[in-house]
Amino acid sequence: MNPQTIVTFFHAPFSRSVVTRAAFEELGVPYDLVALDLAQEEQRSAEYLAINPMGKVPAIRHAGVLITEQPAILMYLADLYPERKLAPPIGDPLRGAYLRWMVFYGSCFEPAMMDHSFNRTPAPQKQCGYGDYDSVMNVIAAQLAKGPWLLGERFTIADVLWGGAINFGLMQKSLPGWPVFRDYAERVQSRPAVQRAIALDQALAEDQKLQRETLPA
Ligand SMILES: N[C@@H](CCC(=O)N[C@@H](CS)C(=O)NCC(=O)O)C(=O)O
């Protein structure tokens, strides 16, 4: 991986992709932004589907390789810029926990939250990959309670992912409003890098809105 080759970032404001934008801000590295307007269905254009056949954001492309899925993108970026020390490297005692919680997000937390928020009946506990909603919430809450960060004293890129996810879940009322979730989300969301990402997205969303309004009818 050559960090000299700039990363292209396919992004839409105020989507899951804002977490990747916050990760770039935490890393303090440049990137080429390709902004998609979801309201204009640009994610379903032939041009974008040729890049990411899932038609989703975020996605990044680096040295000709496409990376999708938030945890994979964040882990890739943290490894690309190891000098920023946002991921425990191989051999670090925190590496296992880091990998565990990054993957737990996509394989347990998000499906549990989505099933819950759409009132979908989950698969039976034994067959369901995440077990059950309450277990997922209790397990992640117990980890966060150790604080201040997901891995304890050390802030990592995992906090960018989890802070964004918990903040979103609380806003959507898809998570229990426990103080441990609220305090953690507040701790992450108030970081200057996250605030910069939100401000950048605000400006981009306004820009896209203006462009939509000036489109010929
Ligand atoms: N599994 C993906 C989910 C990405 C995703 O669902 N992105 C939404 C934005 S929040 C999207 O691109 N939606 C556009 C659409 O499906 O039309 C990840 O973790 O990155």
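Visitor: What makes Pro192, in helix α8, count as exposed?

Guide: In this predicted model, Pro192 lies in helix α8 and has 9 C-beta neighbours inside 10 Å. A residue is exposed if 12 or fewer other C-beta atoms lie within 10 Å of its own. Pro192, with 9, therefore counts as exposed.

Visitor: How far is Pro192 from Gly177 in space, and how far in sequence?

Guide: Pro192 and Gly177 are 24 Å apart from C-alpha to C-alpha, and 15 residues apart in sequence.

Visitor: Why is Ala205 called partly exposed?

Guide: Ala205, found in helix α8, has 16 C-beta neighbours inside 10 Å. Exposed residues have 12 or fewer and buried residues 20 or more, with partly exposed in between. The value of 16 falls between those limits, so Ala205 counts as partly exposed.

Visitor: Which residues does Ala205 contact, leaving aside its neighbours within four places in sequence?

Guide: Ala205 is in contact with Pro13 and Phe14. As for Ile157, the C-alpha atom of Ala205 is 25 Å from that of Ile157, and 48 residues separate the two in sequence.

Visitor: How do you know that Ala158 is buried?

Guide: Ala158 lies in helix α6, and 28 other C-beta atoms are found within 10 Å of Ala158. The cut-off for a buried residue is 20 or more. A count of 28 meets that cut-off, so Ala158 is buried.

Visitor: Which residues does Ala158 touch, not counting those up to four places away in sequence?

Guide: Ala158 touches Tyr98, Trp101, Met102, Leu150 and Leu151. Gln195 is 37 residues from Ala158 along the chain, and their C-alpha atoms are separated by 17 Å.

Visitor: What makes the buried residues of α7 line one face of the helix?

Guide: Helix α7 covers residues 179-189, and Phe181, Tyr184, Ala185 and Val188 are buried in this helix. Viewed down the axis of α7, the buried residues fall within an arc of 100°, so they line one face. An α-helix has 3.6 residues a turn, so residues three or four places apart point the same way.

Visitor: Against which helices do the buried residues of α7 pack?

Guide: They pack against α5 (133-146), α6 (157-171) and α8 (192-213).

Visitor: Why is α1 called roughly parallel to α3?

Guide: Two packed helices are described by the angle between their axes and the distance between the axes. Helix α1 (residues 18-27) and helix α3 (residues 70-80) pack at an angle of about 10°, and their axes are 10 Å apart. Because angles under 35 degrees count as roughly parallel, α1 is roughly parallel to α3.

Visitor: Which residues of α1 and α3 meet?

Guide: From α1 come Val19, Thr20, Ala23 and Leu27, which meet Gln70, Ile73, Leu74 and Leu77 of α3. By class, the residues of this contact are 6 nonpolar, 2 polar and no charged.

Visitor: What makes Ala72, in α3, count as partly exposed?

Guide: Ala72 lies in helix α3 and has 14 C-beta neighbours inside 10 Å. That count is over the limit of 12 for exposed residues and under the 20 needed for buried ones, so Ala72 counts as partly exposed.

Visitor: What is notable about the phi of Lys85 and of Asn119?

Guide: Most residues other than glycine have a negative phi, and most peptide bonds are trans. Lys85 has a positive phi of about 55° although it is not a glycine. Asn119 likewise is not a glycine and has a positive phi of about 55°. Lys85 is in the loop between α3 and α4 (95-117), and Asn119 is in the loop between α4 and α5.

Visitor: Is Asn119 buried or exposed, and how do you know?

Guide: Asn119 has 6 other C-beta atoms within 10 Å. Because 12 or fewer is the condition for an exposed residue, Asn119 is exposed. Lys85, with 13 such neighbours, lies over that limit and under 20, so Lys85 counts as partly exposed.

Visitor: Where are the cis peptide bonds before Pro58 and Pro148?

Guide: The bond from Val57 to Pro58 is cis, with omega near 5°, and Pro58 is in the loop between α2 (46-51) and β3 (59-62). The bond joining Gly147 and Pro148 is also cis, with omega about -5°, and Pro148 is in the loop between α5 and α6.

Visitor: Which residues surround the ligand?

Guide: The ligand is surrounded by Ser15, Arg16, Leu38, Gln43, Gly55, Lys56, Val57, Pro58, Glu69 and Gln70. This shell has 3 nonpolar, 4 polar and 3 charged residues.

Conventions
Residues are numbered from 1 along each chain as its sequence is written. This is a predicted model: local features need pLDDT of at least 70, side-chain atom pairs count only at pLDDT 80 or more; totals for chains, interfaces and linings use all residues. A residue is near a molecule or strand if its C-beta atom, placed from the backbone, lies within 6 Å of it. Ala, Val, Leu, Ile, Met, Phe, Trp, Tyr, Cys and Pro count as nonpolar, Asp, Glu, Lys and Arg as charged, and the others, Gly among them, as polar. Axes are lines fitted to C-alpha atoms, for helices over the stretch in contact, and angles run from 0 to 180 degrees between N-to-C directions. Helices (H or I, at least four residues) and strands (E, at least two) are DSSP runs, numbered from the N terminus. Angles under 35 degrees count as roughly parallel, over 145 as roughly antiparallel, 65 to 115 as roughly perpendicular and the rest as oblique. Two residues are in contact if their C-beta atoms, placed from the backbone, lie within 7 Å. The arc is that of the directions from the helix axis to the C-beta atoms.
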